[in-house]
Amino acid sequence: MSETPTPTVPEAPSRPARSVDRSKVASFLQDNGVYVALAVLVGYNAFFTNFWFTASNLKLQLVLVAPILIVALGMALVIGTEGIDLSVGATMAISASVIGQGIDAGFSVPVIIVGVLLAGMLVGAIAGTLVAFFEVQPIVATLALLVAGRGIAVLLQASTLSVSDPTLLKFGSGSWLGIQAPFWDALVPVIIIAFVVRRTVFGRRIVVIGDNVRASYLSGIPVRRTLLTVYIVSGLLAAWAGLVVTTFTSTNDPSTNGLGYELFAITAVVVGGTALSGGRVRILGTIAGALVMQVLRSTLAFHNFTDAVTQMVTAVIIIVAVLVQRKRARS
């Protein structure tokens, strides 16, 4: 008796296994990690931080990020040339002390503002001269100015200043379209610096010098003049940030004004994708980096973490950003 053959059921064609291209994910995060981090922070606050997602708090975040962003714009240009500017915080303190000197001397508001900006440009010119003409390492030159600048600020104004001039206060405490003045104070330099970087010969020279300074010399690019100008612009923007902070708070303590801003600015620039090794300037990334820093500070403050914790977290972020940059450079 023969067995009845068992009918065989044809196997369904197997679907090709979906695999995640890790290299593409890593490349995406290297280029856009700052935007992902910003989205994660905002999303976290939306769900886990009470009263963070209110109109008043969002406006406050725009105001508080303004001085960080202003300083970070200048820092992005400096880092784009493979330099660094540690003197920006001290420059903010000097500019605030100049405000106090101007008020005591009875100068008009326009004269005081011009004096503030000139003071910042002078600090930047000293740093730029040391770097461009005496070939002092940027970190050494600006570190010396950081120490000296804080002392100069205290010498100019030994005690805490209280600003009461209504015209002067409009720079920090005024408002337009429902948003306080610091936001608009930052928007103007953002537009100017973005235009300079993307549309001018000067912006292209910054990138080329940062990419290869020796080749820039050989190709006839005015390297020293460009470096000097970059540091002057950084000092100018730091002084502008000092003016914004002083008129927003209507007070100035020269020993604390601008303290730590060099760290926040460097972090915003590096996290935003501008390479510490020079040759690349990302203004949009710098804006996002500054927002990340401010949202992070705000988040930690809402959850009762101290400034010391904020500084440690900032240091970790810098290390991670540098490691990501090194991996990008190797790839």
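This report walks through a predicted model of one protein, from its overall build to single residues.

## Overall build

The protein has 331 residues, and 45% of them count as buried. Its secondary structure comes to 13 helices and four strands. The C-alpha trace spans about 120 × 55 × 35 Å along its principal axes.

## Confidence

The model is predicted. The average pLDDT of the protein is 87. A score of at least 70 is reached by 92% of the residues. Among the elements, helix 4, residues 109–132, has the highest mean pLDDT, at 96. Helix 13, residues 307–330, has the lowest, at 75.

## Annotated transmembrane regions

An unreviewed UniProt entry annotates several stretches as "transmembrane region". They are residues 32–54, 60–79, 109–133, 140–159, 179–197, 226–246, 258–276 and 308–324. The label comes from that record.

Two of these stretches can be compared with the model. Residues 179–197 are 89% helix and 11% strand. The end C-alpha atoms of that stretch are 27 Å apart. Residues 308–324 are 100% helix and 0% strand. Here the end C-alpha atoms lie 25 Å apart.

## The largest pocket

The largest pocket has a volume of about 670 Å³. Its lining is made up of 28 residues. Leu-259, Tyr-261, Phe-264, Arg-297 and Asp-307 lie nearest the centre of the pocket. By type, the lining divides into 14 nonpolar, eleven polar and three charged residues.

Several elements build this lining. Helix 2 (55–80), helix 10 (223–249) and strand 4 (251–252) each supply at least two residues. So much is also true of helix 11 (261–271), helix 12 (283–302) and helix 13, each with at least two residues in the lining.

## Helix 11, a covered helix

Helix 11 is mostly covered, with ten of its eleven residues buried. Tyr-261 and Phe-264 are among the buried residues. Both also belong to the group nearest the centre of the largest pocket. The buried set further includes Glu-262, Ala-265, Ile-266 and Thr-267. Ala-268, Val-269, Val-270 and Val-271 are buried as well. Just after helix 11 comes Gly-273, with a positive phi of about 105 degrees.

## Helix 6, a two-sided helix

Helix 6 covers residues 166–173, and Leu-168, Leu-169 and Gly-172 are buried in it. These buried residues sit on the same side of helix 6, because they cover an arc of only 95 degrees around the axis. The face turned away from that buried side carries Pro-166 and Lys-170, which are exposed.

Leu-169 has a relative accessible area of 18%. The cut-off for buried is under 20%, so Leu-169 counts as buried.

## Contacts across the sequence

Some residues far apart along the chain can be placed relative to one another in space. Leu-243 takes part in two such pairs. Leu-169, in helix 6, is 74 residues from Leu-243 along the chain. Their C-alpha atoms are separated by 9.6 Å. Ser-97, in helix 3, is 146 residues from Leu-243 in sequence. In space, the C-alpha atoms of Ser-97 and Leu-243 are 9.8 Å apart. Ser-97 is buried, at 0% relative accessibility.

Another pair is Leu-122 and Val-230. They are 108 residues apart in sequence and 12 Å apart in space, C-alpha to C-alpha. Leu-122 lies in helix 4. At 53% relative accessibility, Leu-122 counts as exposed.

## Positive phi in two loops

Two residues show a positive phi although neither is a glycine. Glu-82 has a phi of about 70 degrees. Its place is in the loop between helix 2 and helix 3 (88–105). Glu-82 is partly exposed, with a relative accessible area of 47%.

Ser-250 has a positive phi of about 55 degrees. This residue lies in the loop between helix 10 and strand 4, two elements that each supply at least two residues to the lining of the largest pocket. Ser-250 counts as partly exposed, at 27% relative accessibility.

Note on methods. Residues are numbered from 1 along each chain as its sequence is written. This is a predicted model: local features need pLDDT of at least 70, side-chain atom pairs count only at pLDDT 80 or more; totals for chains, interfaces and linings use all residues. Side-chain values use heavy atoms; hydrogens and water are left out. pLDDT is the predictor's confidence in each residue, from 0 to 100. UniProt positions are given in the numbering used here, feature names are shortened, and annotations may be inferred rather than shown by experiment. On a 1 Å grid over the protein atoms alone, a cavity is a set of points where a 1.4 Å probe fits but cannot get out, and a pocket is an open set with protein on both sides within 12 Å along at least five of seven lines; lining residues have an atom within 4 Å of a point. Grid points are joined across faces, edges and corners, and a volume is the space filled by probe spheres set on the points. Ala, Val, Leu, Ile, Met, Phe, Trp, Tyr, Cys and Pro count as nonpolar, Asp, Glu, Lys and Arg as charged, and the others, Gly among them, as polar. Buried means under 20% relative accessible area, exposed over 50%, partly exposed in between (1.4 Å probe, protein chains only). The arc is that of the directions from the helix axis to the C-beta atoms.
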